[in-house]
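Here's a quick briefing to keep beside you while you look through the model. Have the sequence and the viewer open, and click along as you read.

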Amino acid sequence: MALFRGLWSVLKTLGRTGVDMCAGCGGRIPSSISLVCIPKCFSSMGSYPKKPMSSYLRFSTEQLPKFKAKHPDAKLSELVRKIAALWRELPEAEKKVYEADFKAEWKAYKEAVSKYKEQLSPSQLMGMEKEARQKRLKKKALVKRRELILLGKPKRPRSAYNIYVSESFQEAKDVSAQEKLKLVNEAWKNLSLEEKQAYIQLAKDDRIRYDNEMKSWEEQMAEVGRSDLIRRNVKRSGDIFEH
């Protein structure tokens with residue numbers, strides 16, 4: 001998105017609109033935020049076309065900087081709630097604009113993928129598919145994490161051991177990070193159950209915080225049509241103790 005905004009600024013400086021530019025390659029940009037023609041215009045660079053953002057994610061991406069500016073001290077989860085509320089109140093006519101853009105971009109994306117593959121030889125195609133399978137597993141988790149951060153998903157609860165490590169890690173000085181972790185781990189093992197109890201209680205409190213925040217967050221996701229992010233089987237007992 002940042003790349004596209006930079007490109008758009010350059011085109012405006014040159015006195016050419018996105019529609020003018022794309023007329024030369026057969027594509028067009030229906031709005032200033034659309035990425036429809038990017039696969040066509042940059043196919044010669046050899047980059048595999050990227051999937052377009054969903055309607056709600058695009059709306060959230062647009063609104064987040066505005067809400068951050070208005071509420072600089074607010075938590076990300078609070079901003080996401082405000083954005084979700086704004087999306088719910090958005091007139092259907094405006095939502096349809098986002099949905100139409102997404103459908104147009106998805107169609108362009110599929111066409112760009114087909115054209116990209118047509119340029120490859122059979123051996124190149126096999127190599128590309130093999131590499132894609134390997135990268136897909138690595139990227140899937142990263143993309144998912146980034147999306148969940150944007151959507152304000154609560155942080156997972158920490159175990160008693162993790163809380164202890166975060167408090168004790170900085171106390172070990174003049175040694176490598178690996179050695180620090182080893183020392184802290186040994187210190188944790190040497191603690192009595194009574195000494196660990198304070199950290200166990202903190203972990204229980206953090207689990208309650210997490211469960212409450214997740215309940216609220218999942219209700220928001222259901223309201224904006226992201227039921228795919230709602231847990232099916234919820235475990236109330238977790239790795240509170242650990243190690």
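This is a predicted model, and the protein chain averages a pLDDT of 78, with 77% of the residues scoring at least 70. Watch out for residues 1-45, where the pLDDT is below 50; in the model this stretch has 50 contacts beyond near neighbours in sequence. With that said, here's the tour.

**The overall picture**

- We're looking at ten helices and zero strands, so to speak an α-α-α-α-α-α-α-α-α-α run from the N terminus on.
- Of the 243 residues in the protein chain, 30% count as buried.
- The chain exposes about 16400 Å², and carbon and sulfur atoms supply 55% of that area.
- Take the contacts between residues at least 6 apart in sequence: 67% of them join residues at least 24 apart.

**The largest nonpolar core**

- This core has 18 residues, and Tyr56, Trp87 and Trp217 are the ones that touch the most other members.
- Helices α4, α5 and α10 are the elements that give two or more residues to the core.
- Both domains chip in: domain 1 (55-151) and domain 2 (160-229) each supply at least three residues.
- Leaving out residues up to four places away in sequence, Trp217 touches Leu148, Leu151, Gly152, Lys153, Pro154 and Leu229.
- Another core, of eleven residues, lies apart from this one; Tyr161, Tyr164, Val184 and Ala203 are among its members.

**Aromatic rings**

- The count of aromatic pairs comes to eleven.
- In one of them, Phe59 and Trp87 have ring centres 5.0 Å apart and planes at 55°, so this pair is tilted.
- Phe59 sits in helix α4 (residues 55-70) and Trp87 in helix α5 (residues 76-89), so the pair ties together parts that are 28 residues apart in sequence.
- Phe59 and Trp87 are both buried.
- Zoom out a little and you'll find one aromatic cluster formed by Tyr56, Phe59, Trp87 and Tyr98.

**Leu64 on helix α4**

- Leu64 is also a helix α4 residue, and its relative accessibility is 10%, so it counts as buried.
- What does Leu64 contact, leaving aside its neighbours within four places in sequence? The partners are Leu76, Leu79, Ile83 and Leu150.
- If you like distances, the C-alpha atoms of Leu64 and Lys82 are separated by 9.5 Å, with their positions 18 residues apart along the chain.

**Ala84 on helix α5**

- Ala84 is found in helix α5.
- Is Ala84 buried or exposed? With a relative accessible area of 0%, Ala84 is buried.
- Not counting residues up to four places away in sequence, Ala84 touches Tyr56 and Val224.
- Ala84 and Val224 are 140 residues apart along the chain, yet their C-alpha atoms are separated by 6.8 Å.

**Gln220 on helix α10**

- Helix α10 covers residues 193-223, and Gln220 lies in it.
- Buried or exposed, then, for Gln220? The relative accessible area is 8%, so Gln220 is buried.
- Beyond residues up to four places away in sequence, Gln220 touches Val80 and Arg81.

**Helix α8 and its cover**

- Helix α8 (residues 160-168) has Ala160, Tyr161, Ile163, Tyr164, Val165 and Ser168 buried.
- As a reminder when you look down that helix, an α-helix has 3.6 residues a turn, so residues three or four places apart point the same way.
- Which elements help cover the buried residues of α8? The cover includes α9 (177-190) and α10.
- Two of those buried α8 residues, Tyr161 and Tyr164, also turn up in the core of eleven residues.

How values were computed:
Residues are numbered from 1 along each chain as its sequence is written. This is a predicted model: local features need pLDDT of at least 70, side-chain atom pairs count only at pLDDT 80 or more; totals for chains, interfaces and linings use all residues. Side-chain values use heavy atoms; hydrogens and water are left out. pLDDT is the predictor's confidence in each residue, from 0 to 100. Contact means heavy atoms within 4.5 Å. Helices (H or I, at least four residues) and strands (E, at least two) are DSSP runs, numbered from the N terminus. Buried means under 20% relative accessible area, exposed over 50%, partly exposed in between (1.4 Å probe, protein chains only). Rings of Phe, Tyr and Trp (its six-membered ring) pair if their centres lie within 6.5 Å; planes under 30 degrees apart count as stacked, over 60 as edge-to-face and the rest as tilted. A nonpolar core is a set of buried Ala, Val, Leu, Ile, Met, Phe, Trp, Tyr and Cys residues joined through side-chain atoms within 4.5 Å. Domain bounds come from an automatic or database domain assignment. Accessible areas come from the Shrake-Rupley method with a 1.4 Å probe; for residues, only the protein chains shown count as cover.
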